[in-house]
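Colleague: Please take a close look at the backbone of the loops in this structure, and then follow the surroundings from there. A connected account with the cut-offs stated would be most useful.

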Amino acid sequence: MVSAIRVIVEATIPDYWYNILPDLPKPLPPPINPATKEPINPKDLEIIFPKELIKQEMSNERWIPIPKEIKEAYRLWRPTPLYRAYNLESYLKTPAKIYYKYEGVSPPGSHKSNTAIAQAYYNYKEGIENLTTETGAGQWGSALAFACHMFGLKARIYMVRSSYDQKPYRRILMQLWNADVYASPSNNTKYGKSLLEKDPTNPGSLGIAISEAIEDAITHEKTKYSLGSVLNHVLLHQTVIGQEAKQQIEYLDDYPDMIVGCIGGGSSFSGLFWPFYYDVVSKKAKKNIEFIAVEPTAAPSITKGVYIYDHGDTARLTPLIKMYTLGHDFIPPPIHAGGLRYHGKAPTLCLLANEGIVKTRAYNQLEVFNAASLFLSLKEYCQLLNQHMQ
Ligand SMILES: Cc1ncc(COP(=O)(O)O)c(C=O)c1O
């Protein structure tokens, strides 16, 4: 009887992040300043982001070195394991080999720490003392709380109210790392107050929480804003995932012909597939690869949205970015996957979807829960078997 295997061998933490911008099939439409209708000047972003992250956001360098302090922090949980889901394969009676890269081993429990550590580090280096952010399910918020704690910064986190009520344990985790957490919309910002006056039961959305976090950052000294997905610099920090996966699967003398991931803003999926996309454009890929992004039917930005310039937040504080969007004032139903309740998607992912290079599918949360509980039961089963065999 076979069971899931853990591939811990032969992966090293990469020395560089991979930046997809120079390898896109066409130039990425620039972010637009809504006041001037001109492409944004990097200086305009300094009110919310540190200089180094703005540089990375606009960079055309393909490989960006990972500072040793960040690599040191990654060593706490990286490289992460690659598993092969033998039991799922036999349940499905498929000839396919199914592998998954498990990012849940980071201290806060998700891939989000890969960029949280980098963002906290660059802010700390530039003398910032507080970071504000939004969080949906709480995974991004807990990653940033963890990273801020590591570099001695204070995190102020706006957690979408529906998740704040559904997932109190996530709030407690953030507070254990010394973060302040507010249910959004909150009374902490002018924008939050204005929404609560109209509707005290407003369940919130990522778009609203982003507006609150930005307002908080621009109205306080030594405070900047941090985003957990969507932007180029965030996605490129996640490419440690795909670079490790490539080493691990090649060690097994294998190579993928399909890469699948869920998309909220698109960072975990991009982190996994970008390094393989690099193989394709540099003609090193050993097979044709299909890239498949999966979004919830509750927030079907790419499958049902339009590809236009829109704001990243509800109060229209952010620059206009070209993406598939459901409209910046769209409030998705309060599904369990709080991190996937976003009206837009990463501009790089949208460009690739528009070019037909990434395919997108949408699933209802009940279908996803059924698949997840099947997966969990098979995994538990094989772990039990493992114990008996030892
Ligand atoms: C575990 C996990 N996966 C995926 C996502 C979706 O975000 P992204 O599309 O940026 O990976 C989130 C967002 O909070 C998350 O916590």
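Modeller: Pro 79 is placed in the loop that runs between helix H2 (68-74) and strand S4 (82-84); helices (H or I, at least four residues) and strands (E, at least two) are DSSP runs numbered from the N terminus. The model is a predicted one, in which local features need pLDDT of at least 70 and side-chain atom pairs count only at pLDDT 80 or more, whereas totals for chains, interfaces and linings use all residues. Residues are numbered from 1 along each chain as its sequence is written, and side-chain values use heavy atoms, with hydrogens and water left out.

The peptide bond between Arg 78 and Pro 79 is cis, with omega at about -5 degrees. Another cis peptide bond joins Ser 184 to Pro 185, where omega is about 10 degrees. Pro 185 belongs to the loop between S8 and H8. As background, most peptide bonds are trans, and most residues other than glycine have a negative phi.

Positive phi values are the next point. Lys 37 has a phi near 65 degrees, although the residue is not glycine. Lys 37 sits in the loop between strand S2 (16-18) and helix H1 (51-58). Lys 37 counts as exposed because its relative accessibility is 59%; exposed means over 50% relative accessible area, buried under 20%, and partly exposed in between, with a 1.4 Å probe and protein chains only. Asn 178, likewise a residue other than glycine, has a positive phi near 75 degrees. Asn 178 is found in the loop between helix H7 (168-176) and S8. With a relative accessible area of 46%, Asn 178 is partly exposed.

Beyond S4, the loop leading to H3 holds Ala 85. Ala 85 is buried, at a relative accessible area of 6%. Setting aside neighbours within four places in sequence, Ala 85 is in contact (heavy atoms within 4.5 Å) with Ile 98, Tyr 100 and Phe 375. Ala 85 and Lys 97 are 12 residues apart along the chain, and 7.8 Å separates their C-alpha atoms. Helix H3 (residues 86-92) contains Glu 89. Glu 89 counts as buried, since its relative accessibility is 7%. Not counting residues up to four places away in sequence, Glu 89 touches Arg 84, Thr 94, Ala 96, Lys 97 and Ile 98.

On the other side of the loop with Pro 79, helix H2 supplies a partner for Tyr 122: Ile 70 is 52 residues from Tyr 122 in sequence, while the C-alpha atoms of the two are 9.6 Å apart. Tyr 122 itself lies in helix H4 (residues 113-125). A relative accessible area of 8% makes Tyr 122 buried. Residues touched by Tyr 122, leaving out those up to four places away in sequence, include Trp 17, Leu 53, Pro 67, Ile 70 and His 237. Gln 56 is also touched by Tyr 122, and the side chains of Tyr 122 and Gln 56 make a polar contact at 3.2 Å. A polar contact is a pair of N or O atoms within 3.5 Å; within protein, one must be able to donate a hydrogen and the other to accept it, and residues adjacent in sequence count only if both atoms are side-chain atoms.

The elements that flank Pro 185 lead to helix H9. Strand S8 (180-184) and helix H8 (190-198) are among the elements that cover the buried residues of H9, as are strands S6 (130-135), S7 (154-160) and S9 (223-225). Of the 13 residues in H9, 12 are buried, including Leu 206, Ile 210, Glu 212 and Asp 216. The 13 residues of H9 (residues 206-218) should span 18 Å at 1.5 Å a residue, and the end C-alpha atoms are 18 Å apart, which agrees; the expected span is 1.5 Å times one less than the number of residues.

The ligand completes the picture. Gln 139, Ser 229, Gly 264, Gly 266 and Ser 267 come nearest among the 13 residues around the ligand, a residue being near if one of its heavy atoms lies within 4 Å. A polar backbone atom of Gly 266 is 2.7 Å from a ligand oxygen atom. Polar side-chain atoms of His 111 and Lys 112 lie 3.1 Å and 3.2 Å, respectively, from an oxygen atom of the ligand.
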